[in-house]
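Got your viewer open? Keep the selection box handy, and we'll walk through this one stop at a time.

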Amino acid sequence: YAIQRLAKLLRHPDDLTQKAEEVRRKLAQEKMLIDAQLNTDVRRQFDDVQEGLELLCSTTGQIDRVKTDMQKVDDLCGRAQSYLANFDRIRAVSVANRNFARTEEFYQRFREFHQQYTSVRTLLADAQDNFAQGNFNLLRLHYSLHRLEDFRNRAMGFAGMDDADSGQTLAQMFGGVDGLVREFDEFLWMVAGSMYDMALRSRANVIVQLLKVVEFEEAADRAQERARAGGGLSPGADAPAAAAGPQRRERAIKNYRKRLLDFIHAFVASRVGEFFRQDVGGLESIAEVTGFVVDELTFVGDTVAPAFPGNYYIFDVFVDEYHQAVVASTAALAAGDLDGGSILAMLRWIREYYGAMRKELSIPRDQLKPPLLEGREDQLAHEYLEIAAGKIREWITNLMGTETEAFTGRQDAPRMGEGGMYVTGGSVYLFEIVNQNVELVIEAQRAKLLCDLMAECNKVFQDVGRQWRALLDGEK
């Protein structure tokens, strides 16, 4: 760097005598400024380090004082029990009072259970009836059902495993809860299946409610897993942690988030598969897929994705699902032997698909995995080249046979072309055959394939020229 800088300052030999001293002074001033700045920065760093060490020393002393104070508090608490003559009796009365309050609460919940169960079933029936209109409150329904399910788990936990009669009685009493949970589960996935319709009708609030339910159940799943691992939660924990507690039947893990993502996978695969069955009869209509995917993802990005939390990265999820479904459907459509026209249509569509995804949705090709047709574009191009070259040679061979027979039979005199050259009628057909194949490749926008095809055509022209020279030489 120093040599490059001097080379810029001293460009000519005369600069060594005229500019060297000035450059030296300028560099000396810059060095002085840099040294002063470094000294200031080093001094500031030392000051910061000294201040940090002082804080550490003072913190150590404060921690020791806190330990001493906490020890004093612990000693005072221990001695306070001896100050109360009836401390053990007071503690027993307190426990009894707490148990009595809990028993009273359970008794009241038992009395209200049937009414609450009927209310939840009515709410679910109304939601099912108003499903088409989207006129239901999914959060209210889920909250009411969650309270029933939570109370059932607590009651079964309190009953324990030793009291068979109590367990059987409770099982009969709560027998309808499991069926109600299954019905709600089915209804929830009906809502998930109508996400597009809800978004189209500006009912994104229903999607938000669905996701709130999923997030709540995910939090409850995590709490249950922590309880299994031995962490446990207090009885007064928040609602998402309601599955924890020492006197509670273990809650079933629901995995709503994973099930939602699996549902989206199946939903998109079905939607893309239906489009291929109805609108894409064969490879000649493969270009319709590009517009379908772009329109679907644009709709998702504008209406469905905003309802999801950011940690879902839901638009990328939909992009992956649509692309994978397109890859699977395209692979099934392109299975088996393809003719030249189908190969060109496929190659042209692949280029248009990736270009539209990048231009319309700003999705780079690298993000779209796996590649269409498993990255067999070069292989397909080679197959088309072999098919096209074989067809051209076959047509030219038939044409040469006809032209040779006409020339040697002297049926008609050759026509005089431009420049005083004789031409045959087959030359027109020859160039027409080549032009048709070249125009098809140009439409497919495959530059390398076009170059390879032209190279094959040049070989054909050379072969035709050699055949005509040999024929002329034989006629001399």
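**Stop 1: a helical turn in α3**

K31 and D35 are four residues apart in helix α3, so about one helical turn separates them. Show both side chains: they form a salt bridge, with the closest N and O atoms 3.0 Å apart. K31 is exposed, at a relative accessible area of 52%, while D35 is partly exposed at 29%. Bear in mind as you click around that this is a predicted model.

Stay on the same helix, α3, which covers residues 20-83, and pick L56. Is L56 buried or exposed? Its relative accessible area is 55%, so L56 counts as exposed. Now add V49 and L53 to the selection: with L56 they make a nonpolar patch on the surface, about 300 Å² of accessible area together.

**Zooming out**

Switch to cartoon for a moment. The protein chain has 16 helices and two strands. Of its 476 residues, 33% are buried. Colour the surface by element if you like: the accessible surface comes to about 30,000 Å², and carbon and sulfur atoms own 54% of that. For contacts with a separation of 6 or more, 73% are between residues 24 or more positions apart.

**Stop 2: salt bridges across the chain**

How many salt bridges does the structure hold? The count is nine. Select E183 and R121 for one whose closest N and O atoms are 3.4 Å apart. This pair connects distant parts of the chain, with E183 in helix α7 (residues 175-193) and R121 in helix α4 (residues 87-129), 62 residues apart. Both ends have some accessibility: E183 is partly exposed at 28%, and R121 is partly exposed at 30%.

Next, select E149 and K254, whose side chains meet in a salt bridge at 3.2 Å, N to O. E149 belongs to helix α5 (residues 138-159) and K254 to the loop between α9 (204-228) and α10, so this bridge ties together parts 105 residues apart in sequence. Where do the two ends sit, buried or exposed? Both E149 and K254 are buried. Add E217 as well: salt bridges with shared partners join E149, E217 and K254 into one network.

**Stop 3: the aromatic cluster**

Time for rings. There are 14 aromatic pairs in the count. Start with Y196 and F267, an edge-to-face pair at 5.0 Å centre to centre with 90° between the planes. The two rings come from distant parts of the chain: Y196 is in helix α8 (residues 195-200) and F267 is in helix α10 (residues 256-279), 71 residues apart. Y196 is buried, with a relative accessible area of 5%, and F267 is buried too, at 18%.

Now bring in F263. Its ring and that of F267 have centres 6.4 Å apart and planes at 10°, so this pair is stacked. F263 and F267 are both in helix α10, four residues apart, or about one turn of the helix. F263 is partly exposed, at 23%. To see the whole group, select W189, Y196, Y256, F263, F267, F299 and F318, which ring pairs link into a cluster.

**Last stop: charges over rings**

Two more selections to finish. Pick R257 and Y312: the charged end of R257 sits over the ring of Y312, 4.0 Å from its centre. Then go to R365 and Y354, where R365 lies over the face of Y354 at 3.9 Å from the ring centre.

Terms used. Residues numbered from 1 in each chain as written. Predicted model: local features only at pLDDT ≥ 70, side-chain atom pairs only at ≥ 80, totals over all residues. Heavy atoms only, no water. Buried < 20%, exposed > 50% of the residue type's maximum accessible area, 1.4 Å probe, protein only. Contact = heavy atoms within 4.5 Å. Areas by Shrake-Rupley, 256 points an atom, 1.4 Å probe, with all protein chains shown as cover. Patch = residues over 30% accessible without salt bridge, like charges linked within 9 Å, V, L, I, M, F, W, Y side chains within 5 Å. Salt bridge = Lys/Arg side-chain N within 4 Å of Asp/Glu carboxyl O. Phe/Tyr/Trp six-rings, centres within 6.5 Å; stacked < 30°, edge-to-face > 60°. Lys NZ or Arg CZ within 6 Å of the ring centre and 35° of its normal.
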